[in-house]
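This report walks through a single chain, one element at a time. Have the sequence and the 3D view open while reading.

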Amino acid sequence: MAAEQKRSGVRSEDVLGQKWDRCLSDSLIKIAGGLGVGVIFSVFLFKRRPWPIAFGGGVGLGMGYSNCQHAFNDPYNLRARIARIQPQAAVTEPVVSVKVEQAKTDDSEKPASS
């Protein structure tokens, strides 16, 4: 893995810095969006009470934290240029088809009354 990083020219510090930058910008956008929605709900629906603003900011903070946690704890971060796809072996077993017959009901056995 270290050899592949040297060939590609990407250092682990740069990858970590990019994750932090994405995490902080994403969190700030989500917090600001939550505060904005909270202000709108506070003004128009809840008679200028402060709790919708705090709730919106908290929801934005929680979503940002969750996204950051996922970005830093992603154990399977594969790149397309690194992964090699192995071709599957040809299927040698014959395909079995099953014919399903509809069961007769009691209604179909009764004679039609006229």
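Ser-27 sits in helix α2. The model is a predicted one. Ser-27 has a relative accessible area of 13%, so this residue is buried; the cut-off for buried is under 20%. Which residues is Ser-27 in contact with, leaving aside neighbours within four places in sequence? They are Gly-64, Tyr-65 and Cys-68. Gly-64 and Cys-68 are themselves buried in α3. Tyr-65, by contrast, is exposed.

Ser-42 is also found in α2. Its relative accessible area is 4%, and Ser-42 is therefore buried. Beyond the neighbours within four places in sequence, Ser-42 is in contact with Lys-47, Arg-48, Arg-49, Pro-52 and Ile-53. Of these partners, Pro-52 is listed among the buried residues of α3.

**The pair α2 and α3**

Both serines belong to the buried set of α2, which is Lys-19, Cys-23, Ser-27, Gly-34, Gly-38 and Ser-42. This set packs against α3. The α2 helix has 33 residues, and its end C-alpha atoms are 48 Å apart. That agrees with the span of 48 Å that α2 should have at 1.5 Å a residue.

Helix α3 covers residues 51–72, 22 residues in all. From its first C-alpha to its last, α3 reaches 31 Å. The expected value is 32 Å, so the two are close. Buried in α3 are Pro-52, Gly-56, Gly-57, Gly-60, Gly-64 and Cys-68. Seen down the axis of α3, these buried residues fall within an arc of 145 degrees, so they line one face of the helix. An α-helix has 3.6 residues a turn, so residues three or four places apart point the same way.

What covers the buried residues of α3? The cover includes α2, residues 12–44. On the other side of α3, Ala-54, Phe-55, Tyr-65 and His-70 are exposed.

**A nonpolar surface patch**

Phe-55 is also part of a nonpolar surface patch of about 1,200 Å². Other members include Val-37, Val-39, Ile-40, Phe-41, Val-43 and Phe-44. Leu-45, Phe-46, Trp-51, Val-59 and Met-63 belong to the patch as well. Which helices each supply at least two of the patch residues? They are α2 and α3. The largest share comes from α2, with 6 residues.

Leu-45 lies in the loop between α2 and α3. Its relative accessibility is 56%, so Leu-45 counts as exposed; the cut-off for exposed is over 50%.

**Salt bridges**

The structure holds 3 salt bridges. The table gives the side chains that meet and the N to O distance.

| Side chains | Distance, N to O |
|---|---|
| Glu-13 and Arg-11 | 3.8 Å |
| Asp-14 and Arg-11 | 3.5 Å |
| Lys-30 and Asp-26 | 3.4 Å |

Lys-30 and Asp-26 are both in α2. They are 4 residues apart, so about one helical turn separates them. Lys-30 has a relative accessibility of 24% and counts as partly exposed. Asp-26 is partly exposed too, with a relative accessible area of 22%. Elsewhere, salt bridges that share partners join Arg-11, Glu-13 and Asp-14 into one network. Within that network, Glu-13 and Arg-11 are exposed. Asp-14, at 35% relative accessibility, counts as partly exposed.

**The whole chain**

How many helices and strands does the protein have? There are 4 helices and 0 strands. From the N terminus on, the elements run α-α-α-α.

The protein has 114 residues, and buried residues make up 11% of them. The protein exposes about 10,600 Å². Carbon and sulfur atoms supply 60% of that area.

Contacts with a separation of 6 or more can be sorted by distance along the sequence. Residues 24 or more positions apart account for 58% of these contacts. Ser-27 offers examples from the α2 and α3 pair, with its contacts to Gly-64, Tyr-65 and Cys-68.

Methods
Residues are numbered from 1 along each chain as its sequence is written. This is a predicted model: local features need pLDDT of at least 70, side-chain atom pairs count only at pLDDT 80 or more; totals for chains, interfaces and linings use all residues. Side-chain values use heavy atoms; hydrogens and water are left out. Buried means under 20% relative accessible area, exposed over 50%, partly exposed in between (1.4 Å probe, protein chains only). The arc is that of the directions from the helix axis to the C-beta atoms. Contact means heavy atoms within 4.5 Å. Patches are made of residues with over 30% relative accessible area and no salt bridge: like charges are joined within 9 Å, nonpolar side chains (Val, Leu, Ile, Met, Phe, Trp, Tyr) within 5 Å. Accessible areas come from the Shrake-Rupley method with a 1.4 Å probe; for residues, only the protein chains shown count as cover. A salt bridge is a side-chain nitrogen of Lys or Arg within 4 Å of a carboxyl oxygen of Asp or Glu.
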